[in-house]
Amino acid sequence: MAVSNIVCEWLRALGLAQYAESFLDNGYDDLEICKQVGDPDLDAIGVENPAHRHKLLKSIRSLREKGAASVYFMLNDPNSLSGSMEILCETPPNNELELVLREQLETDGVRLTAHPYSTPQIHKVH
């Protein structure tokens, strides 16, 4: 049984889950590593179908441009894949993204202005 990780989920969302084991076997077990995949790597992994290669290279290009975190956001949003198997969709406008992040941080009880996320201000007495 193959171990499920973010690369497996990424490939599954692309509709290319059949390559998951080959990716893992070739050391591509992290999205940061997958950002480096090119044509020679796809040869080694065994991706011969031109449409699959194109889809993977397009998604890898998006990974490089938008960052691996975009995959996590997408995988946690069930609406992001509706009607399309494109894993890295358009990034929401900054104000919308900020709202989503604020809501999630509040839900998770994370306060970025508190320790350990920020350093307390030290007031000097003159």
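Biologist: Which helices do the buried residues of α5 pack against?

Modeller: Quick heads-up: this is a predicted model, where local features need pLDDT of at least 70, side-chain atom pairs count only at pLDDT 80 or more, and totals for chains, interfaces and linings use all residues. Residues are numbered from 1 along each chain as its sequence is written, and side-chain values use heavy atoms, leaving out hydrogens and water. Helices here are DSSP runs of H or I with at least four residues, numbered from the N terminus. In α5, the buried ones (under 20% relative accessible area, 1.4 Å probe, protein chains only) are R53, L56, S59, I60, S62 and L63. They pack against α1 (6–14), α2 (20–25), α3 (31–34), α4 (39–45) and α6 (69–75).

Biologist: How far apart are the end C-alpha atoms of α5?

Modeller: The expected span of a helix is 1.5 Å times one less than its number of residues. Helix α5 covers residues 50–66, so its 17 residues should span 24 Å. The model agrees, with the end C-alpha atoms 24 Å apart.

Biologist: Are the rings of W10 and F23 stacked or edge-to-face?

Modeller: Rings of Phe, Tyr and Trp (its six-membered ring) pair if their centres lie within 6.5 Å; planes under 30 degrees apart are stacked, over 60 edge-to-face, and the rest tilted. For W10 and F23 the centres are 6.1 Å apart and the planes at 85°, so the pair is edge-to-face.

Biologist: Which residues do ring pairs link into a cluster?

Modeller: F23 also pairs with Y28, at 6.1 Å centre to centre and 70° between the planes. Ring pairs therefore give a cluster of W10, F23 and Y28.

Terms used:
Helix = DSSP H or I, 4+ residues; strand = E, 2+ residues; numbered from the N terminus. Buried < 20%, exposed > 50% of the residue type's maximum accessible area, 1.4 Å probe, protein only. Contact = heavy atoms within 4.5 Å.
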